[in-house]
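Trainee: I have a structure to read and some terms to sort out. Can we go through them one by one?

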Amino acid sequence: MPTPPTHDDSPPPPEAQKTVLFCPDCGHWSPITGDWDITTTADERLLVCTVCGSIVDRRSDPMEAT
Ligand SMILES: [Zn+2]
């Protein structure tokens with residue numbers, strides 16, 4: 001009995017990785033996973049511009065129960 005071929009279904013690349021954020025104040029830009037200063041509070045995560053210190057993005061804590 002031959003062994004069945006392993007099929008290789010690799011998942012597509014996550015689109016979210018390509019997201020780029022711009023600083024409204026100084027125009028600095030970087031990918032969301034880039035050189036932002038991440039500050040985590042009790043229930044929010046802030047992305048702070050490393051150039052001018054402005055808050056570029058603010059998101060609630062992902063409480064996603066998957
Ligand atoms: Zn900035």
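Mentor: Start with V48, which stands opposite I55 in β5. Keep in mind that this model is predicted.

Trainee: Which residue stands opposite L47 in β5?

Mentor: D57 does.

Trainee: What makes β4 and β5 a pair?

Mentor: Pairing needs at least two bridges between two strands. Five bridges join β4 (residues 44-48) to β5 (residues 55-60). Five meets the cut-off, so β4 and β5 count as paired. They run antiparallel.

Trainee: How do you know that β3 pairs with β4?

Mentor: Use the cut-off of at least two bridges again. Four bridges join β3 (residues 37-40) to β4. Four meets the cut-off, so β3 and β4 are a pair too. This pair also runs antiparallel. For one partnership, take T39: its bridge partner in β4 is L46.

Trainee: What holds paired strands together in general?

Mentor: Strands of a sheet pair through backbone hydrogen bonds.

Trainee: How many residues does each hairpin have between its strands?

Mentor: The hairpin from β3 to β4 passes through three residues. The hairpin of β4 and β5 has six between the strands. There, G53 takes a positive phi near 85°.

Trainee: What is the order of the strands in the sheet?

Mentor: The order is β3-β4-β5, in an open sheet of three strands with antiparallel pairing.

Trainee: Why is one side of β3 and of β5 left without a neighbour in the sheet?

Mentor: Both stand at the edges, and each has a single partner strand, so one side of each has no neighbour in the sheet. Neighbouring strands here are turned by 20° against each other on average, direction ignored.

Methods
Residues are numbered from 1 along each chain as its sequence is written. This is a predicted model: local features need pLDDT of at least 70, side-chain atom pairs count only at pLDDT 80 or more; totals for chains, interfaces and linings use all residues. Helices (H or I, at least four residues) and strands (E, at least two) are DSSP runs, numbered from the N terminus. Axes are lines fitted to C-alpha atoms, for helices over the stretch in contact, and angles run from 0 to 180 degrees between N-to-C directions.
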